[in-house]
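Grab the viewer and work through a few exercises with me. Try each task on your own before reading its solution.

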Amino acid sequence: MAITKEDILKALSYVEEPDLGKDLVTLNMIENVEVNGKDVSFTVILTTPACPLKDLIRNACVNAVHAMVDKEANVTVNMTSRVTSGRGDTSEVLRGVKNIIAIASGKGGVGKSTVTSNLAIALAQSGAKVGLIDADISGPSIPTMFGVEQERPHMVQGDHGKNYIMPVEHHGVKMMSIGFLTPADGAVVWRGPMASSALRQFISDVEWGELDYLLLDLPPGTSDIHLTMVQALPVTGAVIVTTPQKVALADAVRGLQMFRQPQINVPVLGVVENMAYFTPAELPENKYYIFGEGGGKDLAAKYDVPLLGQVPIVQSIRESGDAGTPVVLQNDSPASGVFKELAQAVAQQVSVRNATLGKTKPVEIKS
């Protein structure tokens, strides 16, 4: 009997999206079904270009057609993506941005900006449209991480005659930092309200355009900046960065719990354990737990959130950050693979969050 489109869709209705727990047809992830004799083709619309389950889903589709329709069918599975969004606000603020992700640590010196920079580039490498706000007003490091300390954003005129700042773009990431607007050797000594005002400008006065992910590299602690962020933006979720030792974990807990306060209620996407272990280049099989073992893993387990990744202490990560070429750009480096896997994990958790939780809106905090 001839193969029909209905046969193909029925077979694919038995292929489950592992993260979302529903079949591809119910989730409207199948498009462009074509049948020509025994030649079958269709497109699977993934929820992110960084989907770590791409090959698994592709193989499951082929197997379903062979098992339920025709074992001799020539099956072509085209994979593309349409990033989901959990935004529920109707404001004009960052209307073109699908997902806003806060990167927090609670404590300084744990490599949060290094993680953020490599994560942003890895997401961009996967095909996503990515932006990055350096929200650490007093200690901006993103320009250095991207090697663009001397860049200066320019102005463009938008609708209704309003002027907008064009973000600096490098390595496929649009970014904005106070470091672009102040002397490199100058100190930004501002009280909380001034710093918060600068962040609001980065949100409302920058022409971000269409983005799949906008990352916010937050300062240490739980300050005015954090409150300004959740009040001004519908934050999709937060990523907590920590190192394994007790003193870092104590602050990471405070950062995590801040997002979980009832009046804030921002989903925590997971924990990244940075500087998890040291492996010398000449002894690649050895791991030395300089700052303790498994602290980030234990933190994630205690608060029932995913451990998104464990980043080792590698000299090339520091060197590449100082040189303005984050290590994720070095395809021959093992550390590059770690950050690409981290990007997949973050994108995966964003997709799960958008499919399973309510729409996100800016927070109203009453004094």
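What follows is a set of exercises on a predicted model, each with a worked solution.

**Exercise 1. Find the largest pocket and describe its lining.**

Step 1: start with the volume, which is about 460 Å³ for the largest pocket.

Step 2: go to the centre. Of the 18 residues in the lining, E92, L94, Y164, S204 and E207 are the closest to the centre of the largest pocket.

Step 3: sort the lining by class. The largest pocket has seven nonpolar, five polar and six charged lining residues.

**Exercise 2. Do the same for the second largest pocket, and work out which element gives the largest share of its lining.**

Step 1: the second largest pocket holds about 340 Å³ of space.

Step 2: its lining is made of 15 residues, and those closest to the centre are T279, P280, A281, V314 and P334.

Step 3: now bring in the secondary structure. Two or more lining residues come from each of α9 (315-323) and α10. The largest share belongs to α10, with three residues.

Step 4: check the chemistry. This lining splits into 11 nonpolar and four polar residues, with no charged ones. Set that beside the largest pocket, where six charged residues are part of the lining.

**Exercise 3. Place S336 in its element and decide whether it is buried or exposed.**

Step 1: S336 sits in helix α10, which spans residues 334-356.

Step 2: the relative accessible area of S336 is 1%. Buried means under 20%, so S336 is buried.

Step 3: look for what packs around it. Beyond neighbours within four places in sequence, S336 is in contact with V327, V328, Q330 and N331.

**Exercise 4. Which residues line the largest cavity, and how do they divide by class?**

Step 1: count first. There is one cavity of 30 Å³ or more, and the largest cavity encloses about 30 Å³ of space.

Step 2: read off the lining, which consists of E17, D19, T47, T48, C51, Q348 and S351.

Step 3: by class, that gives one nonpolar, four polar and two charged residues.

Step 4: now add the record. An unreviewed UniProt entry carries the annotation "domain: MIP18 family-like" for residues 5-77. Over that stretch the chain is 32% helix and 32% strand, and the C-alpha atoms at its two ends lie 14 Å apart.

**Exercise 5. How do β13 and β14 pair, and how well covered is β14?**

Step 1: strand β13 (residues 237-242) is joined to β14 by five bridges, and the two run parallel.

Step 2: pick one facing pair to orient yourself. T242 stands opposite E273 in β14.

Step 3: check the burial. Strand β14 covers residues 268-273, and six of its six residues are buried, leaving the strand mostly covered.

**Exercise 6. Compare the surroundings of two buried residues, V173 and S105.**

Step 1: V173 belongs to strand β11 (residues 173-177), whereas S105 is in the loop between β6 (97-104) and α3 (112-125).

Step 2: V173 has a relative accessible area of 0%, so it is buried. S105 also counts as buried because its relative accessibility is 1%.

Step 3: list the contacts, skipping residues up to four places away in sequence. V173 touches A120, I121, A124, V130, G131, L132, F146 and V168. S105 is in contact with V110, K112, P220, V241, D251 and A252.

Step 4: try one long-range distance. V173 and A343 are 170 residues apart along the chain, and their C-alpha atoms are separated by 14 Å.

**Exercise 7. What is notable about the phi angles of H171 and D304, and where do these residues lie?**

Step 1: recall the background. Most residues other than glycine have a negative phi.

Step 2: neither residue follows that pattern. H171 is not a glycine, yet its phi is positive at about 55°. D304 is not a glycine either, and it has a positive phi of about 55°.

Step 3: locate them. H171 lies in the loop between β10 (168-170) and β11, while D304 is in the loop between α8 (295-302) and β15 (307-310).

Step 4: finish with accessibility. H171 has a relative accessible area of 25%, so it is partly exposed. D304 reaches 71% and therefore counts as exposed.

Definitions and conventions. Residues are numbered from 1 along each chain as its sequence is written. This is a predicted model: local features need pLDDT of at least 70, side-chain atom pairs count only at pLDDT 80 or more; totals for chains, interfaces and linings use all residues. Side-chain values use heavy atoms; hydrogens and water are left out. Helices (H or I, at least four residues) and strands (E, at least two) are DSSP runs, numbered from the N terminus. Buried means under 20% relative accessible area, exposed over 50%, partly exposed in between (1.4 Å probe, protein chains only). Contact means heavy atoms within 4.5 Å. On a 1 Å grid over the protein atoms alone, a cavity is a set of points where a 1.4 Å probe fits but cannot get out, and a pocket is an open set with protein on both sides within 12 Å along at least five of seven lines; lining residues have an atom within 4 Å of a point. Grid points are joined across faces, edges and corners, and a volume is the space filled by probe spheres set on the points. Ala, Val, Leu, Ile, Met, Phe, Trp, Tyr, Cys and Pro count as nonpolar, Asp, Glu, Lys and Arg as charged, and the others, Gly among them, as polar. UniProt positions are given in the numbering used here, feature names are shortened, and annotations may be inferred rather than shown by experiment. Two strands pair if DSSP finds at least two bridges between them.
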